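Let's go through this model by asking what earns each label. Every answer sets a value against its cut-off and then draws the conclusion.

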Amino acid sequence: MKSATLSQFRGRQSDYIAAAQREPVEITSRGAGRRAVVVSPEFFERAMQALEDQSDIRAAAEARKEPRIPFDDLMEELGL
């Protein structure tokens, strides 16, 4: 990961945005350490999709823990 201070980023913003198309660029600040990470839109989309997938996986795992209702009982409950 490439790294730049906030003042370096301000001075060469277009260079760092171009670099972010190839690899994430970490923006740091003296007192606060890491302030931001600049990534390409493609990287961002993949990361968001991975987070959504993980959420779906956890939801499916939780759903599998719920008690199962036999088909005949369900049909009777629904009046079918």
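A nonpolar core is a set of buried Ala, Val, Leu, Ile, Met, Phe, Trp, Tyr and Cys residues joined through side-chain atoms within 4.5 Å. Keep in mind that this is a predicted model.

Q: Which residues make up the largest nonpolar core, and what makes them count as one?
A: The core has seven residues: Ala4, Phe9, Tyr16, Ala19, Ala20, Val25 and Ile27. A member has to be buried, of a listed nonpolar type, and linked through side-chain atoms within 4.5 Å, so that is what being in this set amounts to. The elements giving two or more residues to the core are α2 (13-19) and β2 (25-29).

Q: What is Ala19 in contact with, leaving aside its neighbours within four places in sequence?
A: Lys2 and Val25. Contact takes heavy atoms within 4.5 Å, so both partners pass that test.

Q: Why is the link between Glu26 and Arg34 called a salt bridge?
A: The closest N and O atoms of Glu26 and Arg34 are 2.7 Å apart. The cut-off is 4 Å between a side-chain nitrogen of Lys or Arg and a carboxyl oxygen of Asp or Glu, so the pair qualifies. Side chains of opposite charge can pair when their charged atoms come close.

Q: How do you know whether Glu26 and Arg34 are buried or exposed?
A: Glu26 has a relative accessible area of 17%, and buried means under 20%, so Glu26 is buried. Arg34 comes in at 53%, and exposed means over 50%, so Arg34 is exposed.

Q: What else does Glu26 touch?
A: Leaving aside neighbours within four places in sequence, Glu26 is in contact with Met1, Lys2, Ser3, Ala4, Arg34, Ala36 and Val37. The side chains of Glu26 and Ser3 are also joined by a polar contact of 3.3 Å. The limit for a polar contact is 3.5 Å, so that value falls inside. Glu26 lies in strand β2, and its bridge partner in β3 is Val37.

Q: How many salt bridges does the rule give, and what makes Arg12 and Asp15 one of them?
A: The count comes to three. Arg12 and Asp15 have their closest N and O atoms 3.2 Å apart, which is within 4 Å, so they pass. Arg12 has a relative accessible area of 45% and Asp15 has 41%. Partly exposed covers what lies between 20% and 50%, so both residues get that label.

Q: What makes Glu62 and Lys65 a salt bridge, and where do they lie?
A: Their closest N and O atoms are 3.2 Å apart, within the 4 Å limit, so the name fits. Both lie in helix α3 (residues 41-65), three residues apart, about one turn of the helix. An α-helix has 3.6 residues a turn, so residues three or four places apart point the same way. Glu62, at 47%, counts as partly exposed, while Lys65, at 63%, counts as exposed.

Q: Why does Arg64 count as exposed, and how far is it from Gly31?
A: Arg64, found in helix α3, has 57% relative accessibility. The cut-off for exposed is over 50%, so Arg64 makes it. The C-alpha atoms of Arg64 and Gly31, 33 residues apart along the chain, are separated by 47 Å.

Q: Why is the sheet pairing called mixed?
A: Three strands form an open sheet in the order β1-β2-β3, with mixed pairing. β1 (2-5) and β3 (33-38) stand at the edges, each with a single partner strand, so one side of each is left without a neighbour in the sheet. On average, neighbouring strands are turned by 30° against each other, direction ignored. Four bridges join β1 to β2, which run parallel, whereas β2 and β3 pair in the antiparallel sense over five bridges. Pairing takes at least two bridges, so both pairs clear the bar.

Q: How covered are β2 and helix α4?
A: β2 is mostly covered, with four of its five residues buried. Helix α4 (residues 71-78) is hardly covered, as the count of buried residues among its eight is zero.

Definitions and conventions:
Residues numbered from 1 in each chain as written. Predicted model: local features only at pLDDT ≥ 70, side-chain atom pairs only at ≥ 80, totals over all residues. Heavy atoms only, no water. Buried < 20%, exposed > 50% of the residue type's maximum accessible area, 1.4 Å probe, protein only. Axes fitted to C-alpha atoms, helices over the stretch in contact; angles between N-to-C directions. Polar contact = N/O pair within 3.5 Å; in protein donor to acceptor, adjacent residues only side chain to side chain.
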